Amino acid sequence: MSLGTSLSIGVQALNAESGALQATNNNIANSNTPGYSRQTVLLDEGTPTDNGGISEGSGVVLEGFQSVRDELIQNQIQSETQAQSSANAQTASLQQIQPTFTTSTQDIGTQMSALFTSLSSLSADPTNSTNRQAVLTAGQNLATAFNATSSVLTTQQLSLNAKVTQDVSKINSLTQEIAALSPQLAELKSSGQDGGTLQDQQNQLVLQLSALTNVSVTRTEGADTLTTGNGTPLVVGSESQGLQTTTAANGMVQVLDSNGANVTSALSGGDLGGTVEMRDQTIPSLLNHLDTLANQFGTAFNAVQSSGTDGYGNAGSQFFSIPAVTAGSAAAISVSMTDPTEIAASTDGSTGGNGNMASFSALQTVALPSGQSPTSTYANLVDQVGSLTANASAESGATTASLLQLNDQFSSVSGVSIDQESTNLITYQTAYEAAARVVTTIQALFQVTLAMGTASAE
Amino acid sequence: MRVANMVPDMQYAMQQSQQALSTALQQVSTSLRVNQLSDDPSASAIMVTSLAESANVDQYTKNISSLQSKMQTADASLNSVVTSLNSAITLGTSGATGTVNSENKAAIATQVQSILSAVVGQANTEYQGVYVFGGSESTTPPFVQASTTYTSAQGSSTVPLAMTTPLTPNSTTTISDASTGETMSFHAAAGDTIANLETAINTAVTAGTLSPGTSATIDASGNLSINSSGGVVVTTNATTLGVMTASLSTMVANAYAYVGNSTVDSVQIGESTSVKTNLPGNQVFTSGANVIGSLNGLISALQSGSSTQIGGATTAITTALNYVSEQRVPLDSTISQLSSQESYLGQETITLTSQQTALVGINIAEAATNLSQAELTNSAVLAAAAKVLPQTLLDYLK
């Protein structure tokens, strides 16, 4: 092997170790960058040369850099992220709803109980005008509790409605960014190179998209395709097919795909999926139960009232004003009676008669048309709200723990270990120093060789 | 497994231990295990019904307290009536002896009249504005001195009422008879006239509800006049008649008509327990062995009757006395029931409170132990984080 060849190998080694140091440097620099996959340097032996029948090594070749990543873990993280975001959205919403149903001086259960105790008190002393007024006040308080609870639910629904628009806007922004990366990424891949930083950026954007909705990625050499869980395309190659919104007659924002088809009910997962589920299913179901309770209780109370005789000797008039239809009853229920003497305590119109009070008291335990007593119906509603919140919260906790595990796995494969990079730094530094020493040595050998002809003359 | 970064795991562990610490702290500070519905949805739902039961129990207890006073007032009145009747029997017995002259009998009659007034006073006993023996018509005195003539106010000599004068539709005219102890009510339908009322009165006379001779006529001043020799009390809300008032000087001495009703109210004092809370005055004082009637009879016998008649009237009072004593039995039984139910409800309150504590509360010792454990865990996590996280290879490279 000639000195020239050796010098060339030394220079290649310097280049290779310099490249390795660059990879280490980049890894350390990005050790805290979200979504960054650590890079390794690709070194290869040089092709050996034949020197008179002797095969000689020709040094090292810097082939490039490779990001270390596991697509499967990446997909699992995306999937778990959408589940977590959906659960978080529901938990946050339900945690704002549940205090309304928690036992307090203002909740429906307490006010309903207060109405029955006021009726019991009136039963013991029907001539007492204070007792009559107390029934009227308790009825008003119960109606107010229904109104307030309904208002909390509808306000929450409107707040979620606004969030749908915000989420769609974020989704469109992300899909545009992903689409913009696509041509460069496709070019890299088509040339057989690793996606590297661009792939990391795309993965990170897809992860952010997963936090908003259930998204599925189909990777091809030419271009990646992103669709929602139900197949609605979001990104096809370099083209972003943004979602649109429109407001339905009921004021609820509907999500349309790029062709204008309504995909709202098909959305699932992510913040948008969780938000839509709360807005379109959970809250309407709770409102329906609440409306049914308000309507049936008000109707049953009015029926007892009309079967009795008021303090003026007339048949009992309507106590609660309730809409003819169930929908909106909780929001609209009110006490239409203003004169406490009109409470139909008796059955004979006598001043001290309480013949109708037993029927009023029985309302507390007699089943409504929905099948259970008012108190049990409300208790079921409380159980339902509590269970929904507990389940959403548990789901949120479980996905958080699961994501931690997945991120640990991701980190295990792709994460930057400072300790590892530090050792690499020492390794590459040593190798670089050694290669430099080789170059210096060969340089010295050149000097010696060049001086061979002049040494005796001196 | 290759470990690149321990920070996320440590952060998660710290978050979990701090969450546990926060929960333990909340449990200690509130003494509650369930601070929001999601902590235990099922317990929260049971709490709704349990709290409603508690509120009911509290109200039943208040009802009992109020009813006890009312019932005891009624019982005390009947006790006074018993005492009065015993005095009347003593007086009647002495009046029945053949040696008592007519002057002494008149004096005794006067004493019995005082007793009758006292008994009527007791029959009109009021408790917090409620006449306890008025049935459910409890805001007006149930026993009113009867008159032979009641006249309306709406007619006049220029515009007299007539038998064809229509009565106000849906109005009610009530005639309470002191002699029979019964009441007749006439509810006017649309198109009914005074003639219909008169027919109803005649029917009631035939049925024995009203005394023989009770009649309805239009008097010289053009008003409706209800007449009864034994004495009646008439009320109406027919505006075409106006207020019915007793004509001057027609009150019948010692005759009282019952203007209450027979309604017996019930009040719930437990989940499935109710008590009758009043004793209608007609049941106690004018029906069965008629208390007021028997006293009236003794007065009449003392004023003009023979010893035998006085003796008979005295025996009638004895019967009335026994009757009143019988009437007190259910009353006393109710008072006793109220008392035992009050004790039961007291126990029920304790049971419900225990149930509620078990549902959502937490034993303070358990809460303190939980807090201590949570503190320990959190300290351990923080100590581990402080020890592990700063360590890198760089610390050892010179």
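**Figure 1. The second largest pocket, with a volume of about 760 Å³.** This close-up, like the others here, comes from a predicted model. Look toward the middle of the pocket and you'll find Pro34(A), Gly35(A), Asn407(A), Phe410(A) and Pro8(B), the closest to its centre among the 30 residues that line it. Two chains share the job: H2 (71-101), H5 (196-210) and H9 of chain A, plus H1 (7-30) of chain B, each put at least two residues into the lining. H9(A) is the top contributor, with 7 residues. Sort the lining by class and you get 16 polar, 12 nonpolar and 2 charged residues.

**Figure 2. Helices H6 and H9 of chain A, packed at an angle of about 170°.** Here's H9(A) again, now spanning residues 374-414 and sitting against H6(A), residues 270-307, with the two axes 10 Å apart. Angles over 145 degrees count as roughly antiparallel, and H6(A) and H9(A) are therefore roughly antiparallel to each other. On the H6(A) side, the contact is made by Thr282(A), Ser285(A), Leu286(A), His289(A), Leu290(A), Leu293(A) and Phe297(A). H9(A) answers with Pro374(A), Thr377(A), Tyr378(A), Leu381(A), Gln384(A), Val385(A) and Leu388(A). Class by class, the residues of this contact come out as 9 nonpolar and 5 polar, with no charged ones.

**Figure 3. The largest pocket, with a volume of about 880 Å³.** Glu137(B), Thr172(B), Thr174(B), Thr235(B) and Asn237(B) are the ones to pick out, being closest to the pocket centre out of 29 lining residues. Strands of chain B feature in this view: E4 (172-177), E5 (183-187) and E7 (224-236) each supply at least two lining residues. As for character, the lining counts 20 polar residues, 7 nonpolar and 2 charged.

**Figure 4. The largest cavity, with a volume of about 140 Å³.** The structure holds 3 cavities of 30 Å³ or more, and this view goes to the largest of them. Its lining runs to 17 residues, and those nearest the centre are Ala124(A), Asp125(A) and Pro126(A) from chain A, along with Lys70(B) and Val130(B) from chain B. Two elements of chain B, helix H2 (41-96) and strand E2 (130-131), give two or more residues to the lining. H2(B) has the largest share, at 3 residues. Nonpolar and polar residues number 7 each in this lining, and 3 more residues are charged.

**Figure 5. Chain A, split into two domains.** Domain 1 is made of two stretches, 3-68 and 417-457, while domain 2 runs over 75-405. Measure from centre to centre over C-alpha atoms and the two domains of chain A are 65 Å apart. Zoom in on where they meet: 8 residues of domain 1 and 5 residues of domain 2 take part in the contact.

**Figure 6. Chain B, split into three domains.** Domain 1 combines 7-59 with 361-397, domain 2 combines 70-135 with 264-360, and domain 3 covers 143-259. The centres of domain 1 and domain 2 of chain B, taken over C-alpha atoms, are separated by 65 Å. At their contact, 15 residues of domain 1 of chain B touch 11 residues of domain 2 of chain B.

Key:
Residues are numbered from 1 along each chain as its sequence is written. Chains are lettered from A and ligands numbered from 1 in the order in which they are written. This is a predicted model: local features need pLDDT of at least 70, side-chain atom pairs count only at pLDDT 80 or more; totals for chains, interfaces and linings use all residues. Side-chain values use heavy atoms; hydrogens and water are left out. Axes are lines fitted to C-alpha atoms, for helices over the stretch in contact, and angles run from 0 to 180 degrees between N-to-C directions. Helices (H or I, at least four residues) and strands (E, at least two) are DSSP runs, numbered from the N terminus. Angles under 35 degrees count as roughly parallel, over 145 as roughly antiparallel, 65 to 115 as roughly perpendicular and the rest as oblique. Contact means heavy atoms within 4.5 Å. Ala, Val, Leu, Ile, Met, Phe, Trp, Tyr, Cys and Pro count as nonpolar, Asp, Glu, Lys and Arg as charged, and the others, Gly among them, as polar. On a 1 Å grid over the protein atoms alone, a cavity is a set of points where a 1.4 Å probe fits but cannot get out, and a pocket is an open set with protein on both sides within 12 Å along at least five of seven lines; lining residues have an atom within 4 Å of a point. Grid points are joined across faces, edges and corners, and a volume is the space filled by probe spheres set on the points. Domain bounds come from an automatic or database domain assignment.
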